[in-house]
Amino acid sequence: MLHVTRHVEKKGKTNKMGGMTSINTSTVHNPFCQLMRQSKKSVCHACYAYVQEQFRKKVVSPLYISNMNLLSGSILSDEELPIVGTTFCRFNSFGEIYNSIHYWNLLNIARVNPRTTFALWTKRLDIVEPVHLSNI
């Protein structure tokens with residue numbers, strides 16, 4: 001089952017994701033993320049998600065690895081997709097698209113949650129563009 005992260009609002013503290021819901025994957029176990037982290041010219045070189053995932057290995061990492069494996073392994077049935085139940089949800093506040101199967105699963109999550117607005121920031125245009133071009 002996919003893990004949906006519900007970021008807690010912390011009173012008196014700056015928390016950019018406070019109150020937001022997100023569906024995340026592992027940066028530590030994503031080869032694309034690791035390659036991008038090696039480049040000092042890339043924003044990924046100072047990846048916040050990587051640091052946080054390393055810091056909270058026993059809690060965060062297993063959930064994000066599981067999400068990555070589920071989302072990138074096969075197209076999930078509608079019954080396997082989460083009902084988010086919030087107004088907004090961010091894909092990959094941690095992590096990055098792994099492959100086209102992963103991206104299709106994100107599209108399907110958005111489809112089965114029509115009352116939720118989803119956001120996705122990605123560097124993986126090599127995955128996103130072919131999927132959209134194949135549906136024109």
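Why does Thr25 count as buried? Thr25 has 0% relative accessibility, so it counts as buried (under 20% relative accessible area, with over 50% exposed and partly exposed in between; 1.4 Å probe, protein chains only).

This is a predicted model: local features need pLDDT of at least 70, side-chain atom pairs count only at pLDDT 80 or more, and totals for chains, interfaces and linings use all residues. Residues are numbered from 1 along each chain as its sequence is written, and side-chain values use heavy atoms, with hydrogens and water left out.

**Stop 1: Thr25.** Select the loop between β2 and α1 (31–38); Thr25 lies there. Helices (H or I, at least four residues) and strands (E, at least two) are DSSP runs, numbered from the N terminus. Leave out residues up to four places away in sequence, and Thr25 touches, among others, Glu53, Tyr64, Phe94 and His102. Contact means heavy atoms within 4.5 Å.

**Stop 2: helix α4.** His102 is one of the buried residues of α4. Select residues 100–112 for the whole helix. Its 13 residues reach 18 Å from first C-alpha to last, close to the 18 Å expected (1.5 Å times one less than the number of residues). The buried residues pack against β2, α3, β3, β4 and α5. Now show Asn99. It caps the N-terminal end: a side-chain oxygen lies 3.1 Å from the backbone nitrogen of Ile101.

**Stop 3: Thr21.** Go to strand β2, where Thr21 lies. Thr21 is buried, because its relative accessibility is 3%. Its side chain makes a polar contact with the side chain of Arg6 at 3.5 Å. Another, also 3.5 Å, joins the side chains of Thr21 and Thr86. A polar contact is a pair of N or O atoms within 3.5 Å; within protein, one must be able to donate a hydrogen and the other to accept it, and residues adjacent in sequence count only if both atoms are side-chain atoms.
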